[in-house]
Amino acid sequence: MPTHRLRVTRRALADLRLGKIYYGLSAEELEDEHDLLGSFVKNRTEQPYGTQATQRVRPKCFNLHTRDPWRGITWYDATHDICWLVGATSQHDYGLFEERSLNDEIRPTAEDYADLELFSQEKEDAFIDLVVAQAPELMALALSQPNTEHRMALAGAVDTGVFVEVLVVPGEGTIEEVFVSFQLPPVPGTQVPSDFCEAIFWLLAPDAQEGEVDRDVGHHPRPGGKRPGEIIYRWRKA
Amino acid sequence: MGQPIGSLEEALLDSHAPEETVALLRLAAEKGEFCLVTPNGEEIRFGGVVAGMLAEMVESLATGQQAYLGSASAVLSPEDAAQVLGVSRPYVYRLMDRGTFPHVQQDAGSTRRRLLLSEVLDYQARRLRRVAAADDLAERSRREPAHEEVPIAELARAAARSGNASELKAELARRRVSRVRSGVAASAAARDATNDGS
């Protein structure tokens with residue numbers, strides 16, 4: 001299943017005469033706003049590269065067609081797994097992009113990468129303060145009632161579950177495994193920074209040691225197991 | 001629909017720069033009163049709240065946004081809302097279906113829907129705040145030097161124990177800047193590569 005995201009640069013939005021209010025939205029969100037955006041989503045969802053490379057343009061881009069006269073070009077940022085629509089034209093040719101390439105006006109800018117951020121600084125700061133206040137209660141409850149999942153919408157936003165499983169291991173006695181799971185609100189085409197989940201986990205489990213923690217765990221001991229889109233940490237308590 | 005206020009030129013007839021006018025009006029709002037002098041010398045006194053409203057209006061016009069005069073309870077058709085926001089009508093329907101505007105009204109005996117002007121303007125303000133935050137972040141990524149990462153675990157543990165998360169928040173903020181810088185660096189490397197390997 002493809003994992004890459006589809007995004008549109010501010011320059012490409014301006015080319016399509018779409019204004020500021022659209023900045024930072026995923027391509028899926030924008031696909032009905034212009035034929036070329038519909039074509040972008042249709043043709044790059046499965047495969048971030050196109051079939052026809054754009055001539056004399058750096059970085060290496062691929063042509064994108066739609067109903068005449070609109071044309072666009074896309075660039076795949078393999079490092080960040082994002083396919084960008086980096087430019088569009090109603091001139092039915094790709095000459096504009098060649099000229100832009102000479103001026104280094106093809107690739108996404110710092111503003112485009114900043115638009116990828118899911119939370120504003122202000123929102124994230126407020127969120128962290130609330131998690132600091134709420135986390136001890138959730139963890140204490142889960143530790144006092146093992147084998148039951150306790151869930152709380154931390155800071156009113158991130159549905160977080162803590163499940164403490166007590167295992168009897170021959171020769172070792174009992175071991176507690178703490179499963180912390182995050183069900184983040186689904187926002188199409190967005191990605192939650194791993195630093196953010198990392199911060200919540202350690203606020204919940206400050207006594208854990210690095211060597212006792214597994215990230216991106218593929219299962220959960222609750223009935224029904226891991227849920228789609230869930231991020232799970234496991235703390236195997238010494 | 002609220003009454004659109006025309007251009008900045010129509011709104012400001014004196015020689016003050018818009019920023020200067022906004023600053024004066026904000027000062028009046030803080031002081032709690034201001035006085036309007038008519039051409040024949042008559043004085044009309046207003047409370048600071050009116051100065052605050054005028055400051056908002058001039059600031060909006062000066063930054064290229066539309067300004068509207070209307071009550072918070074004024075209602076708009078989806079077509080009008082699209083015009084206010086500068087988006088397509090289908091996009092407004094999409095936002096309505098998603099619950100972006102909590103108090104969408106439906107005309108009795110009809111499928112026509114109406115939106116509160118205040119909610120439409122709130123949405124616009126939220127979006128523009130987000131754009132401004134991204135602009136600020138991009139600027140920081142150009143200005144601030146690269147930093148050495150401090151483990152999140154260490155800072156979060158300290159925050160959990162002390163109840164003070166300022167160091168953790170500062171580290172998360174620096175990493176946010178690093179993510180932007182990393183994106184720009186990746187695109188520059190791809191531009192300079194002789195073979196993109198696709």
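**Exercise 1. The loop before β2**

Task: In this predicted model, find the loop of chain A that holds Pro59(A), then work out what sort of peptide bond joins Arg58(A) and Pro59(A).

Solution:
- Step 1. Start with the place: Pro59(A) sits in the loop that runs between α3 (35–44) and β2 of chain A.
- Step 2. Next, look at the bond. The peptide bond joining Arg58(A) and Pro59(A) is cis, with omega at about -5°.
- Step 3. Stay in the loop between α3 and β2 of chain A, since Arg56(A) lies there as well. Arg56(A) is not a glycine, yet its phi is positive, at about 55°.

**Exercise 2. Two positive phi values**

Task: Decide whether Arg56(A) is buried, partly exposed or exposed, and do likewise for Asp81(A).

Solution:
- Step 1. Count neighbours for Arg56(A): 12 other C-beta atoms lie within 10 Å. A residue is exposed if the count is 12 or fewer, so Arg56(A) is exposed.
- Step 2. Now turn to Asp81(A), in the loop between β3 and β4 of chain A. Asp81(A) is a residue other than glycine, and its phi is near 55°, a positive value.
- Step 3. Asp81(A) has 13 other C-beta atoms within 10 Å, so it is partly exposed.

**Exercise 3. Reading the sheet**

Task: Give the strand order of the open sheet in chain A, and explain why β1 and β2 of chain A each have one side without a neighbour in the sheet.

Solution:
- Step 1. Walk across the four strands of chain A: the order is β1-β4-β3-β2, and the pairing is mixed.
- Step 2. The edges are taken by β1 (5–8) and β2 (62–65) of chain A. Each has a single partner strand, so one of its sides has no neighbour in the sheet.
- Step 3. From one strand to the next, the twist averages 30°.
- Step 4. Now zoom in on β3 (residues 71–77) and β4 (residues 82–89) of chain A, an antiparallel pair with seven bridges. For Arg71(A), the bridge partner in β4(A) is Thr89(A).

**Exercise 4. Domains and the contact side of chain A**

Task: State the domain bounds of chain A, then describe the side of chain A that touches chain B.

Solution:
- Step 1. The domain assignment splits chain A into domain 1 (5–114) and domain 2 (121–236). Their C-alpha centres are 38 Å apart.
- Step 2. Now go to the contact between the chains, which takes 40 residues from chain A and 43 residues from chain B.
- Step 3. On the chain A side, the elements that give two or more residues are β3, α5 (110–114), α6 (121–144) and α7 (194–204). Of these, α6(A) gives the most, with seven residues.
- Step 4. By residue type, the side of chain A that touches chain B divides into 17 nonpolar, six polar and 17 charged residues.

**Exercise 5. How spread out is chain B?**

Task: Describe the make-up of chain B and judge whether chain B is compact or spread out.

Solution:
- Step 1. Count the elements: chain B has eight helices and seven strands.
- Step 2. Compare the radii. For 198 residues the globule rule gives 16 Å, and the radius of gyration of chain B, 24 Å, is well over that, so chain B is more spread out than a compact globule.
- Step 3. Check the extent: along the principal axes, the C-alpha atoms of chain B fill a box of roughly 70 × 50 × 50 Å.
- Step 4. Look at burial, where 25% of the 198 residues in chain B are buried.
- Step 5. Finish with the contacts in chain B between residues at least 6 apart in sequence: 52% of them join residues at least 24 apart.

How values were computed: Residues numbered from 1 in each chain as written. Chains lettered and ligands numbered in written order. Predicted model: local features only at pLDDT ≥ 70, side-chain atom pairs only at ≥ 80, totals over all residues. Pairing = 2+ DSSP bridges. Axes fitted to C-alpha atoms, helices over the stretch in contact; angles between N-to-C directions. Rg over C-alpha atoms; globule rule 2.2 N^0.38 Å. Buried ≥ 20, exposed ≤ 12 C-beta atoms within 10 Å, placed from the backbone. Contact = placed C-beta atoms within 7 Å. Domains from an automatic or database assignment. Nonpolar A, V, L, I, M, F, W, Y, C, P; charged D, E, K, R; others polar.
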